[in-house]
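Me: Please take a close look at one part of this model: how its nonpolar side chains pack. Add the residues around them. Keep the sentences short.

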Amino acid sequence: DKHELQERTRNFAIRVFKLLESLPKTQAANVITYQLLKSSSSVAANYRAVNRAKSNMDFINKLKIVLEEADESNFWLSFI
């Protein structure tokens, strides 16, 4: 249900943040950290917005943003 997915996306962002704390403090890692912090937290924040959609089209558009951010997060996680 939507509450479970909200919690899962939030936990995803938290787990990514904790993982990023363990990366070395290099210029390359800083770039990855910055991008992944943004995309993973965006998954959680934008999923919350999905649940406040004003119409079916708004719902679909907001969900597409979540999917794009999740895909970007996947890229950076696989890059690590």
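Reply: Helices and strands here are DSSP runs, numbered from the N terminus: H or I over at least four residues for a helix, E over at least two for a strand. This is a predicted model, in which local features need pLDDT of at least 70 and side-chain atom pairs need 80 or more, while totals for chains, interfaces and linings use all residues. Numbering starts from 1 along each chain as its sequence is written, and side-chain values use heavy atoms, without hydrogens or water.

First, the frame. The chain has three helices and zero strands. Read from the N terminus, the order is α-α-α. The C-alpha atoms fill a box of roughly 45 × 20 × 15 Å along the principal axes. Of the 80 residues, 29% are buried (relative accessible area under 20%; exposed is over 50%, partly exposed in between; 1.4 Å probe, protein chains only). Take contacts (heavy atoms within 4.5 Å) between residues at least 6 apart in sequence: 67% of them join residues at least 24 apart.

Now the core. A nonpolar core is a set of buried Ala, Val, Leu, Ile, Met, Phe, Trp, Tyr and Cys residues joined through side-chain atoms within 4.5 Å. The largest one here has seven residues: Val16, Leu20, Leu23, Ala29, Ile32, Leu36 and Trp76. Helix H1 (2-21) and helix H2 (27-50) supply at least two residues each. H2 gives the most, with three. Ile32 is a good place to zoom in. Beyond residues up to four places away in sequence, Ile32 touches Trp76, Phe79 and Ile80.

Follow Trp76 next. Trp76 is buried at 15% relative accessible area. Its ring also takes part in pairing. Rings of Phe, Tyr and Trp (the six-membered ring of Trp) pair when their centres lie within 6.5 Å; planes under 30 degrees apart are stacked, over 60 edge-to-face, the rest tilted. The count comes to three aromatic pairs. One of these joins Phe75 and Trp76: 4.9 Å between centres, 75 degrees between planes, hence edge-to-face. Another geometry belongs to Phe75 and Phe79, with centres 5.6 Å apart and planes at 35 degrees, so that pair is tilted. These two Phe residues are four residues apart in helix H3, so about one helical turn separates them. Ring pairs link Phe75, Trp76 and Phe79 into a cluster.

Exposure across that cluster is worth checking ring by ring. Trp76 is buried, at 15%. Phe75 is partly exposed, at 42%. Phe79 is exposed, at 52%. Phe79 is still one of the residues that Ile32 touches.

Two polar residues complete the view. Thr33 sits in helix H2 and is buried, at 17% relative accessibility. Neighbours within four places aside, Thr33 contacts Leu20 and Leu23. Both of those leucines are listed in the largest core. Ser73 sits in helix H3. Its relative accessible area is 0%, so Ser73 is buried. With the same sequence neighbours left out, Ser73 contacts Phe12, Leu36, Ser39, Ser40 and Val43. Leu36 in that list is also a member of the largest core.

One more residue, for contrast. Helix H3 covers residues 56-79 and includes Ile60. Ile60 is partly exposed, at 38% relative accessible area.
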